[in-house]
Amino acid sequence: MFKLIDTMKIVFGGLRTHLSRGILTTLGITVGIVAVVGMGTMAYSLQQEINKQFSSLGSNTFFISRRPFIVGIGGHSDWRQYWRRKNLEVDYLPTIQKNSPHVQSIAPMLWYRQNARSGDDQLDNLSITASNENLYDFSSYDIEYGRFLSPSDILYRKNVCVIDRKAAGILFPDNLIPLDKRIKIGNIPFKIVGILAEQTAAFGQEQSAQAIVPYSTAEKYWGGGWGLQFIVEALPEKMEEAIDEVIVALRNLRGLRFDDENDFELFTSEMLMEAVSNITRVAYIVIIGIAAISLLVGGIGIMNVMFVSVTERTKEIGIRKSCGAQPKDILLQFGAEAIVLSTIGGIIGLILVLSLSLLAKKAVPFTISIPGWLVIVGILFSAMVGLAFGIFPAYKASRKNPVEALHYE
Amino acid sequence: MYFLIESLRTAYYSLSKHRLRAILTTLGIVIGITTIITIVSLIDGLKKTVTGEFSQLGTNVLYVSKYPWISHGKWYVYRKRKAITMEEVNAIQERCPSAAYVVPIVDAYTEVKYGSRKLEAIEITGTNEFYPQVNGAYPEQGRFFSASEVNHKQRVCVLGWGVYNNLFDHGEDPLGKWIRVSGIKVRIIGVLQKRGSVFGESRDNMVLVPIDTFQKHYGRRINITIQVMPYNPEQLEQLEDETVIALRQVRRLHSWEEDDFSINSQDVLLQEFKRTTKALFAAMVAISALSLLVGGIGIMNIMLISVTERTREIGIRKAIGAKRGHILLQFLIEVLILCWVGCLIGASLGFGLAGFISAVTPLPSAISVKAGFLGLIFSSSVALFFGIYPAGKAANLNPIEALHYE
């Protein structure tokens, strides 16, 4: 212990006498760590953002559609085969519900985009989800005022809609609770029966205003039954059972023989997340890899300066050795110097990244968070660089012959 | 001149005295330049490949269609537009004086049968007699269909090279044979030469039939894409204006209404590609430049050390008459040599690495002189930027103090 303190004293003494040299060496590592940790932070934050958006769909929720979510990533030659598949039918729902004891809730979903209008207030690109009353069971929907869609709305194809706070604010700037008011969605009159609470809505719909209408009404006016999807919520912890049951029910409904392949696609929010992450991951790895090269160059700078330092202090090494210092002690002295240099660089780099991320917080639309492990990895990594590039000069110093070293001029 | 040679000699001497130091300093620059050049080469290669793919669409062809090629996800806005029909094709033919060729194109995917052989999902394209001129696809065997065959709805077809190969045995003469295209019998009058693929989509898996024949069986209301080609490339913009006017007339748009059709060209795609990738590429080059920055800091560090070590030498040189400029030049030349050597090695490594990467992976690369020059200029400016301070420090030393230095 005493030895370590002693070594540290020598190290800092050595660094202080060559302050500008120390600063410049450190600067190299700082730039490298800023690049690596900065890029890592950005990748991590973006990934968190994607995860957040997907997990708002619910972890025991899955989707069924006629076509895969992402076509053409693997090779887009076969997208045509999906077009031939039969549409999903809303009539399937009671049968699926009856035959799948582990399914908590199932709702149809259709998406549209229309312009909406109330008097002179215009809202472009209202994103519309057409569904039935069951959609309310899904965690992301919460009613603030009024009611959700009712079974009779669906049955009688009523022109009613539930809108969110954002849409309400744009269409009725003066009226906080525009219940029972009429709006026009794509020139068709709809009555507002409910207003959704402020929420972290389903993926991608956070930014745009949205409305929920009965699917039967929507299909009547806008068609598009080919895009029908089902959203299914399984009982807690019963995801796999529910998936199996739904697949069996659907295969029966669509009259598939045992050797036919499924003619529908089923995906969970995790699978969606996976698909998106796979694309972004490669980009992150490449960019972080390139950033790490600057750390390598910084390491080479450390090695260079350590060699100079060892040469300059040959006489000192000779004196220390002749007074009884073991090679181990010399190795420790120079090794510690390199590690201290690079670790200081790493810490300064981390502080820079931290302050940069605080600055950037206002500029970017997502939350930037530096994960704790990245900080620790950053410090460890910089120390490792110091060790890796400092060990050779230190070893060379420790092997010096004391007699020759004392002679050195 | 003599003075320059003397400086070079001094620089060389001092570098060779500290060989390890020089190598390590250079290594930093080498790695930085290698990274930059590799990245720039790969990016250039990618750009060149994509540009090449786009130009397959024809550099001076306009594509009139219902949907714009770049719709930013807003295709639903354009879905309601009226389909483009033969009426528009005729209008462009009649009213656009700079249009050399007007080619309607309409697609469907069906099965093709010949005897017992059957191919699934083949692209059936209805078009007219000018298709070869605009698309650069000429028949290898037989001939393309004529104007009168188009006008008289003749049941003739021209096969793509891939369809011919899959449907017939090697060397079998396809001309005059009848095939069934979704149940309708058509006679083969020609086979196109091999055309390869664009964006991974093969362009040989198609059967071309006269557009009126196509419409007779599939209906007249399927949306058409119209290719329009001017007499010479300079007329492209004029042609675009003429086409817009002709289409607005035939589609009866009022003066205040917006166009309900889109005129696309490969240029649009190219611009979009550049726009979306610009930020990523810039980020990659900037991050790889960081390592050069770190290398530059390394140079500055070593030069400062070297100046300190040689304080006495500087003192002596000044005492026997060296001017500030001499000292400055001596150290600057030392830095520049380090950098240029680093740059040279780095450039060859970088080009080698880029070549290697494109050989073992599907990534293309292009050796660009631009990248080389960029590296040279970049490293020289790094050297000058980081070398000028130590060199200036050396040049400004007071000779009396410098001689005293121990």
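1. A residue counts as buried when its relative accessible area is under 20%. By that cut-off, 48% of the 409 residues in chain A are buried. In chain B the share is 49% of 406 residues. Please read both values with the origin of the coordinates in mind: this is a predicted model.

2. Secondary structure, chain by chain. Chain A has 13 helices and ten strands. Chain B comes to 14 helices and twelve strands. The radius of gyration of chain B is 33 Å, whereas the globule rule gives 22 Å for 406 residues, so chain B is more spread out than a compact globule. Chain A has a radius of gyration of 32 Å. A compact globule of 409 residues would come near 22 Å.

3. Overall dimensions. The C-alpha trace of chain B spans about 105 × 60 × 40 Å along its principal axes. For chain A, the C-alpha atoms fill a box of roughly 105 × 60 × 40 Å, again along the principal axes.

4. Contacts within each chain. In chain A, take the contacts between residues at least 6 apart in sequence: 77% of them join residues at least 24 apart. In chain B, residues 24 or more positions apart make up 76% of the contacts with a separation of 6 or more.

5. Surface. Chain A has an accessible surface of about 20,200 Å². Carbon and sulfur atoms hold 61% of that surface. For chain B the accessible surface is about 19,900 Å², with 60% on carbon and sulfur atoms.

6. Charge. Chain A carries 39 positive and 38 negative side chains. The centres of these two sets lie 6 Å apart. Chain B has 43 positive and 35 negative charges, and their mean positions are 5 Å apart.

7. The interface. How many residues of chain B are in contact with chain A? The count is 35, set against 32 residues of chain A. The two chains bury about 2,900 Å² between them. Of this area, 73% is on carbon and sulfur atoms. B:L24, B:I287 and B:V294 together supply 19% of the area that chain B buries against chain A. No other three residues supply more.

8. Helix 10 of chain B, residues 266-309, holds B:V285. Is B:V285 buried, exposed or partly exposed? Its relative accessibility is 27%, and the partly exposed class runs between 20% and 50%, so B:V285 counts as partly exposed. Leaving aside neighbours within four places in sequence, B:V285 is in contact with B:I39, B:V40 and B:I43. B:P390 is 105 residues from B:V285 in sequence. Their C-alpha atoms are 28 Å apart in space.

9. B:Q215 sits in helix 8 of chain B, which covers residues 211-218. The relative accessible area of B:Q215 is 3%, under the 20% cut-off, so this glutamine is buried. With residues up to four places away in sequence set aside, B:Q215 touches B:M86, B:R220 and B:I224. B:K153 is 62 residues from B:Q215 along the chain, and 9.1 Å separates their C-alpha atoms.

10. Check the backbone at B:K153. Phi is positive there, about 50°, although B:K153 is not a glycine. This lysine lies in the loop between helix 6 (147-151) and strand 5 (156-159) of chain B. Its relative accessibility is 30%, and B:K153 counts as partly exposed.

11. Check B:R252 as well. B:R252 is not a glycine, yet its phi is positive at about 55°. The loop between helix 9 (236-250) and strand 12 (262-264) of chain B contains B:R252. The relative accessibility of B:R252 is 66%, over the 50% cut-off, so this arginine counts as exposed.

12. One residue of chain A to close. A:F12 is found in helix 1, residues 2-17 of chain A. The relative accessible area of A:F12 is 38%, which makes this phenylalanine partly exposed. A:L356 is 344 residues from A:F12 along the chain. The C-alpha atoms of A:F12 and A:L356 are separated by 29 Å.

How values were computed: Residues are numbered from 1 along each chain as its sequence is written. Chains are lettered from A and ligands numbered from 1 in the order in which they are written. This is a predicted model: local features need pLDDT of at least 70, side-chain atom pairs count only at pLDDT 80 or more; totals for chains, interfaces and linings use all residues. Side-chain values use heavy atoms; hydrogens and water are left out. Helices (H or I, at least four residues) and strands (E, at least two) are DSSP runs, numbered from the N terminus. The radius of gyration is taken over C-alpha atoms; the globule rule is 2.2 Å times the number of residues to the power 0.38. Buried means under 20% relative accessible area, exposed over 50%, partly exposed in between (1.4 Å probe, protein chains only). Contact means heavy atoms within 4.5 Å. Accessible areas come from the Shrake-Rupley method with a 1.4 Å probe; for residues, only the protein chains shown count as cover. Lys and Arg count as positive and Asp and Glu as negative; His and the chain ends are not counted. The place of a charge is taken as NZ of Lys, CZ of Arg, CG of Asp or CD of Glu. Buried area is the accessible area (1.4 Å probe) that two parts lose on being put together, summed over both.
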